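Please open the model in your viewer and keep the selection panel at hand. The stops below go from the whole chain to single residues.

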Amino acid sequence: MNNNIELSIILPTYNEKDNILDVLTELEKHIKVSYEAIVVDDDSPDKTWELVAHYAETHPNVKLLHRTRDRGLTSAINAGLKLAQGRLLMWMDVDLSMPPHRIPALLKAIEDGADVAVGSRYVLGGGDARAVNILLTTQLLLSKVLSILGGWMLGCKFRDWSSGFIVLKREFLAEYDLKGDYGEYFISLIYYLFKTKKANIIEIPYVLTPRIHGESKTATNFLGFFKRGHKYLRVIWQLKHAPVVKA
Ligand SMILES: Nc1nc2c(ncn2[C@@H]2O[C@H](COP(=O)(O)OP(=O)(O)OP(=O)(O)O)[C@@H](O)[C@H]2O)c(=O)[nH]1
Ligand SMILES: [Mg+2]
C-alpha cells in the first residue's frame, strides 16, 4: 500500500480504443482524491494498449498492464488488484456504461461509514437505459430477475448482483481472489463480503447507459444471455448450499 494513493481504479480493456481515453479524461475531471488508474489490457487487436502507453507518458498516475498470455475479465481485474496500491480499491467497465461522474457519490458513501459502495441500477434513482431493442430488453429483464432471485435465495438485502461497479476498502479483499470467468464473479464477491466479512455494503444509484463505441463481449445473442443466466443461477445455487467460511 502507498499512503499517498487514496484510490486505485482497475480498468479492464479489450478492444476499447474508442472509449479508453474518454474514460481516463472523465476520471481526471471527476475524481478529487489522489488516485491511480491501472489499465489491464489483454493485447487488444485494436491496440488499446498503445493509446494507454502513450497517454501514461504524460500522466504518471496512469499505469498499463499489457498482458500477452492471459485473457478474461475476472483474471484481468485480479491482476490489476495485485498491482493496486491505494487505500480504496475500485473497478469498472471501460465502455462508458458506468458513469465516472457517479464515482464521487461512491466515495462519499465510504467516507460516511460504508465498507463497500456498489453502483446500482436497481435502487431508487438508478436505472438501465439500454433497453432500446428486444435483445437488450431481454438482457435487462434477465438481469432484474436474477437480482431478485439472488437477494431472496442468498438472504442478503442487496439488489444489483451483476453490477461490477464497486469501491471498497482494501482490507475487505485482503485474502480474496475474484472467481469465475465473467460477471458471475460479482455474485460470489458480494456474498463473501456480506457473510464472511460482515461488510457494511451500500448501493448507490446510477443509470447504466448503452455502449456507443466498440462491441459488447457479452450482449451478442439470446443463446449467450441464457447461457450466462444459467451460469449465474448455478453460482447462486452453489453459494446457497456451501457452508459460510468464517473470516
Ligand atoms: N482485460 C480484459 N478486459 C475485458 C475482457 N473482456 C471484457 N473486458 C472488458 O470488461 C469490460 C466489460 O465488457 P463489456 O463488453 O462491456 O461486457 P458487459 O459490460 O458484460 O456487457 P454489456 O452489457 O454489453 O456492456 C469492458 O471494459 C471490456 O473491455 C478480457 O478478456 N480482458
Ligand atoms: Mg459493458
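How many helices and how many strands are there in the protein? There are 7 helices and 9 strands, where helices (H or I, at least four residues) and strands (E, at least two) are DSSP runs numbered from the N terminus. Before selecting anything, note that this is a predicted model, in which local features need pLDDT of at least 70 and side-chain atom pairs count only at pLDDT 80 or more, while totals for chains, interfaces and linings use all residues. Residues are numbered from 1 along each chain as its sequence is written, chains are lettered from A and ligands numbered from 1 in the order in which they are written, and side-chain values use heavy atoms, with hydrogens and water left out.

**Whole protein**

Begin with every C-alpha atom selected: along the principal axes, these atoms fill a box of roughly 50 × 40 × 35 Å. The radius of gyration, taken over C-alpha atoms, is 17 Å, close to the 18 Å that the globule rule (2.2 Å times the number of residues to the power 0.38) gives for 247 residues, so the protein is as compact as a globular protein of that length.

Next, show the surface, whose accessible area comes to about 12,100 Å² by the Shrake-Rupley method with a 1.4 Å probe; carbon and sulfur atoms account for 57% of it. Of the 247 residues, 50% count as buried, that is, under 20% relative accessible area, with exposed meaning over 50% and partly exposed in between (1.4 Å probe, protein chains only).

**Helix α3**

Now select residues 73-83, which form helix α3. Is this helix largely enclosed or largely open? Because 8 of its 11 residues are buried, α3 is largely enclosed by the rest of the structure. The buried residues are L73, T74, A76, I77, N78, A79, G80 and L81. To see what covers them, add β1 (7-13), β2 (35-41), β3 (62-66), β4 (88-91) and α6 (185-195), which are among the covering elements, judged by contact (heavy atoms within 4.5 Å).

**Two loop residues**

Move to the loop between β1 and α1 (20-30) and select N15. Phi of N15 is near 55 degrees, a positive value in a residue other than glycine, and N15 counts as partly exposed at 25% relative accessibility.

Finally, go to the loop between β2 and α2 (48-58), where K47 is found. Phi of K47 is near 65 degrees, again a positive value in a residue other than glycine, and at 40% relative accessibility K47 counts as partly exposed.
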